[in-house]
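Q: Could you take me on a close look at the empty spaces inside this protein, and at the parts of the chain around them? I would like to follow them on the screen as I read.

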Amino acid sequence: KAAIQSQLDGVRTGLSQLHNALNDVKDIQQSLVDVNKDWRQSINTIENLKDVKDAVVQHSQLAAAVENLKNIFSVPEIVRETHDLIERGELLQAHRKLMDLECSRDNLMYEQYRMDSKNTHDMNLIHTYFGDMQKLSEELAKQLWMVVQRSLVTVRRDPTLLVSVVRIIEREEKIDRRMLDRKKQTGFIPPGRPKKWKEKMFNILERTVSTRIEGTQADTRESDKMWLVRHLEIIRKYVLDDLLVAKTLLDQCFPPHYDIFNRLLNMYHQALATRMQELAAEDLEANEIVSLLTWVLNTYTSAEMMGNSELSPEVDVNSLDALISQNVVDQLLSKYMSTLTSNIIGWLRKALETDKKDWIKETEPEADQDGYYQTTLPAIVFQMFEQNLQVAAQINEDLKTKVLVLCLQQMNSFLTRYKDEAQLYKEDHLKNRQYPQCYVQYMIAVINNCQTFKESIISLKRKYLKSDMEDTLSISHANMDATLDIIAKEGCSSLLDEVFMDLEPHLNELMTKKWLMGSNAVGTICVTVEDYFNDFAKIKKPYKKTMTLEAHRRVVVEYIRAIMLKRISFKNAEERKEGAERMIKEAEQFRFLFKKLAAGSGEDTEGLCDIIEAIAEVIKLTDPSLLYLEVSTLVSKYPDIRDDHIAALLTVRGDASRDMKQTIIETLDQGPSQPNPNYVPIFKEITVPTLTVPKLLK
């Protein structure tokens, strides 16, 4: 019952409130009808208030005019004061007055715009009245840009001035932003806005940096061969100095959001890239290409410039873009290699021509510290190679290897020309042996140069070639070694020809009646050879050793040839004994001579003289029945002895009949031959002039 009663009370209350709400709605409805009726009646009254509205706007303009009245009347005076302040360099105060003038003008123009935006006459009137203010603004800007242009100097001498300039630019940036915001709201913006002085400042800085980079070229190729090196060094110094100043001093004069150091760094990088591309496009010589590439690829990022420890961590050389593209680098390198190739060919040709002029001098060639004759050719050639390799190494490893390969290729061709010139030198000398006067000495120098070339090639490869590239040049190296050995061998041979041309009259005396009667031909031969070998002592060891062995061999060959020429035929045992003993004695003379000449070489030179002694034993033999045995011993030792040699030897003995010779030769032909594997054939070089045994015609 209580619950139902409570619900009924609630329903009663709700009905009462709904009734009240209905009455309120009816009252509001009546009020709206009354308002609508009043509004319709007052439309005419509102239209009559337009004059009041215009008066209010005019009042607002007049209020602005009154507010700026003082400035308006004093514009000419403020303009003069501002001009004086600018001239005195008091830029902040000048800018303050300029801002006041601009504010007055802008407010007046804004009010005019609000009243009648289409009334250009009044707008122009205000603009004209404040016309001098625009000139002041330009004059002030000119002063600011002068300070900005010299900012790196100003910051060291008068940083306050630079800070003032930055403050003025910041003020103008704020005014620009405010005016642009008002334009969005009202559509009005004063003349000359936005000034964008911050943007202009960075443009001025960019032009200043470009001018600074371009202005460092003080010389041209015509006035100074080192113009580019000098130009690049000045750039390096200026850029490094400027960036250090920018980091340590300039950065403190600008607000952080200007990021002035990084902006300047980027400007310098772009200006340098432009300048390097301009230089790369010029018709550069080989040394200039190297200077440019070395600077661009190495110097720029080195500790001497962008990699300077004082610039880190702000400057990260790894993040800097390349100053010139890889394509341009490749083009420059290609041009460099092409120019270098023709230069090296020219240098080598000139070096050889200069060396050839030395060959005909009447003075002996210079000797090295060990007393060996030499010319300057190897030193000049390899000094040139060294210089070019050192230059190439400054750029990169790849170019260094290419230049080394080029040098060795050209060296290969050069050595062939060198060989031909040495041969011509020999041929010219043979036409007149009195000329050139120092032929022997210069031929020795040519031989020694071969050894110097060999050592220099090895040294060059060891110094500039990586071990993993060794195989690529092994064939070229082997070819050069072979050519040098040929030059040296031909040189040694020509010197020995010189010796044996002088020995010829004395060799012709051997195995003659005069020789048997006591000629001193062999003594003269030994003295002559020793005299020549005093000069040959100036030949370097590997070739001197070869030459001593060859001289020994040729003396023995010529001696045996003299025997085989059958100039003498011994008449009796006494003559045979005397002749044989003389031969043994002379073999000993040769042995002593060549042992002396070969001292220190460690070579066994006695074997050759043993041949003379073995032949002497055949001649000396007193019992003809043992002749076959003695000859067969000789043949077994020296298996290259031919039948005509044996026949000639028996003819010289003088006591062997024709039948005996025939029998001995035929018997020897049937016998087995077991040559010593170490024996170097010597008889095959010796020809016998006439054949006396019919069988030998085979």
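A: Happy to. This is a predicted model, and it holds 1 cavity of 30 Å³ or more. The volume of that cavity is about 60 Å³. To find the cavity on your screen, select the residues of its lining: Lys419, Ala422, Gln423, Lys426, Met443, Ile487, Glu490, Gly491 and Ser494. Two elements give two or more residues each to this lining, helix H16 (397-431) and helix H18 (474-507). By class, the lining divides into 3 nonpolar, 3 polar and 3 charged residues.

While you have H16 in view, go on to the loop between H16 and helix H17 (439-464), where you will find Pro436. The peptide bond that joins Tyr435 and Pro436 is cis, with omega about -10°.

Now for the open space. The largest pocket has a volume of about 500 Å³. It is lined by 25 residues, and the closest to its centre are Asn287, Val290, Ser291, Val391 and Gln394. The elements that give two or more residues to the pocket lining are H11, helix H13 (286-299), helix H14 (326-359) and helix H15 (377-395). Among these, H13 provides the largest share, with 8 residues. Sorted by class, the pocket lining has 12 nonpolar, 8 polar and 5 charged residues.

Where does the largest pocket lie with respect to domain 2 and domain 3? Residues of both domain 2 (204-317) and domain 3 (329-492) are found in its lining, so the pocket lies between them. For the wider setting, the domain assignment of the protein chain also gives domain 1 (56-193) and domain 4 (519-685). The centres of domain 2 and domain 3, taken over C-alpha atoms, are 41 Å apart. In the contact between these two domains, 12 residues come from domain 2 and 10 residues from domain 3.

Two of the elements around the pocket lead to another feature worth a stop. In the loop between H13 and H14 sits Pro313, and the peptide bond from Ser312 to Pro313 is cis, with omega near 5°.

H11 also rewards a closer look. Helix H11 covers residues 227-253, which is 27 residues, and at 1.5 Å a residue it should span 39 Å; the C-alpha atoms at its ends are 37 Å apart, so the two values agree. Even so, H11 has a kink of about 45°, and the kink is centred on Ala246. If you trace the helix on your screen, Ala246 is the place to look for that bend.

One last stop takes you to the loop between helix H9 (159-186) and helix H10 (197-214), which holds Lys196. This residue is not a glycine, yet its phi is positive, at about 55°.

To put the two spaces side by side: the cavity has Lys419 and Ser494 among its lining residues, while the pocket has Asn287 and Gln394 among the residues closest to its centre.

How values were computed:
Residues are numbered from 1 along each chain as its sequence is written. This is a predicted model: local features need pLDDT of at least 70, side-chain atom pairs count only at pLDDT 80 or more; totals for chains, interfaces and linings use all residues. Side-chain values use heavy atoms; hydrogens and water are left out. On a 1 Å grid over the protein atoms alone, a cavity is a set of points where a 1.4 Å probe fits but cannot get out, and a pocket is an open set with protein on both sides within 12 Å along at least five of seven lines; lining residues have an atom within 4 Å of a point. Grid points are joined across faces, edges and corners, and a volume is the space filled by probe spheres set on the points. Helices (H or I, at least four residues) and strands (E, at least two) are DSSP runs, numbered from the N terminus. Ala, Val, Leu, Ile, Met, Phe, Trp, Tyr, Cys and Pro count as nonpolar, Asp, Glu, Lys and Arg as charged, and the others, Gly among them, as polar. The expected span of a helix is 1.5 Å times one less than its number of residues. The bend at a residue is the angle between axes fitted to the seven residues ending there and the seven starting there. Domain bounds come from an automatic or database domain assignment. Contact means heavy atoms within 4.5 Å.
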